[in-house]
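The following exercises concern one protein chain. Please study the sequence and the structure, attempt each task, and then compare your reasoning with the worked solution.

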Amino acid sequence: MSKETEKQRWQRNFADLLQELRVAQTGVQILFAFLLTLPFSNGFTQTTEFQRDVYIVALLAAAAATAMIISPVAFHRALFRQGRKPELVRFAHRMATGGLAFMLIAMVSAVLLITDFVLDRPIAFVLSGLTGLWFLTFWVMLPFARRSWGEDDIDDEDDDPDTLSGR
């Protein structure tokens, strides 16, 4: 099996990032679309001021997540055929991370909005907090805990854009 070149590694990392972003993009777009239609539903007039504030947080976080998750495509268009794949991969990595953070905020806010609408507020806060912990467990804690597992795996080291750039 031949060893890939640095250029091939950057290309593979970019392709991997794009695959990840496709998954995240679908989720955030569905949430964003739901939030965009919510004020036009019949029950929205029954929301409290707190629920409308939570709605605004969820809506703006979903918009920010959408912008960040889609931004690597625009960046790629601007840098197309300029031989700047390492810069593009580092940028896309940062935007994906930021987009997931805003997506977390949007998801938890949406859960808080809906649970506060149908349940008592203390229960809504507990369920929303548990939702946030659930997401953090799978999106942050487990991946970072996994970083130290199987340190002999060379392939895992190649996936980190900062490792590739010598940082």
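**Exercise 1. Surface and overall make-up**

What area does the protein expose, and what percentage of it do carbon and sulfur atoms supply?

Solution. The model is predicted, so local features need pLDDT of at least 70 and side-chain atom pairs count only at pLDDT 80 or more, while totals for chains, interfaces and linings use all residues. Residues are numbered from 1 along each chain as its sequence is written, and side-chain values use heavy atoms, with hydrogens and water left out.

Step 1. The protein exposes about 10,600 Å², of which carbon and sulfur atoms supply 65%; accessible areas come from the Shrake-Rupley method with a 1.4 Å probe, and for residues only the protein chains shown count as cover.

Step 2. Of the 167 residues, 33% count as buried. Buried means under 20% relative accessible area, exposed over 50%, and partly exposed in between (1.4 Å probe, protein chains only).

Step 3. The secondary structure comes to 6 helices and 0 strands. Helices (H or I, at least four residues) and strands (E, at least two) are DSSP runs, numbered from the N terminus.

**Exercise 2. Helix 1 and the nonpolar cores**

Determine how the span of helix 1 compares with the expected span, and which helices supply the largest nonpolar core.

Solution. Step 1. Helix 1, made up of 32 residues, reaches 46 Å from its first C-alpha to its last, close to the expected 46 Å. The expected span is 1.5 Å times one less than the number of residues.

Step 2. The buried residues of helix 1 include Trp10, Phe14, Leu31 and Leu35. By contrast, arginine 12, also in helix 1, counts as partly exposed because its relative accessibility is 26%.

Step 3. A nonpolar core is a set of buried Ala, Val, Leu, Ile, Met, Phe, Trp, Tyr and Cys residues joined through side-chain atoms within 4.5 Å. The largest such core has 15 residues, and Leu31, Leu35 and Tyr55 are among those with the most contacts inside it. Helix 1, helix 2 (49-79) and helix 3 (85-118) each supply at least two of its residues, and the largest share, 6 residues, comes from helix 2.

Step 4. Apart from this core lies another, of 13 residues, including Phe14 and Ile69.

Step 5. Leucine 35 touches Tyr55, Ala58, Leu59 and Ala62, not counting residues up to four places away in sequence; contact means heavy atoms within 4.5 Å.

**Exercise 3. Pairs of side chains**

Which residues form the salt bridge, and how many aromatic pairs are there?

Solution. Step 1. A salt bridge is a side-chain nitrogen of Lys or Arg within 4 Å of a carboxyl oxygen of Asp or Glu. The count comes to 1: arginine 121 and aspartate 116 meet at 2.8 Å, N to O.

Step 2. Aspartate 116 is buried because its relative accessible area is 7%, whereas arginine 121, at 32%, is partly exposed.

Step 3. Rings of Phe, Tyr and Trp (its six-membered ring) pair if their centres lie within 6.5 Å; planes under 30 degrees apart count as stacked, over 60 as edge-to-face and the rest as tilted. The count comes to 4 aromatic pairs.

Step 4. Phenylalanine 44 and tyrosine 55 form an edge-to-face pair, with 5.2 Å centre to centre and 70° between the planes. Phenylalanine 44 lies in the loop between helix 1 and helix 2, and tyrosine 55 in helix 2.
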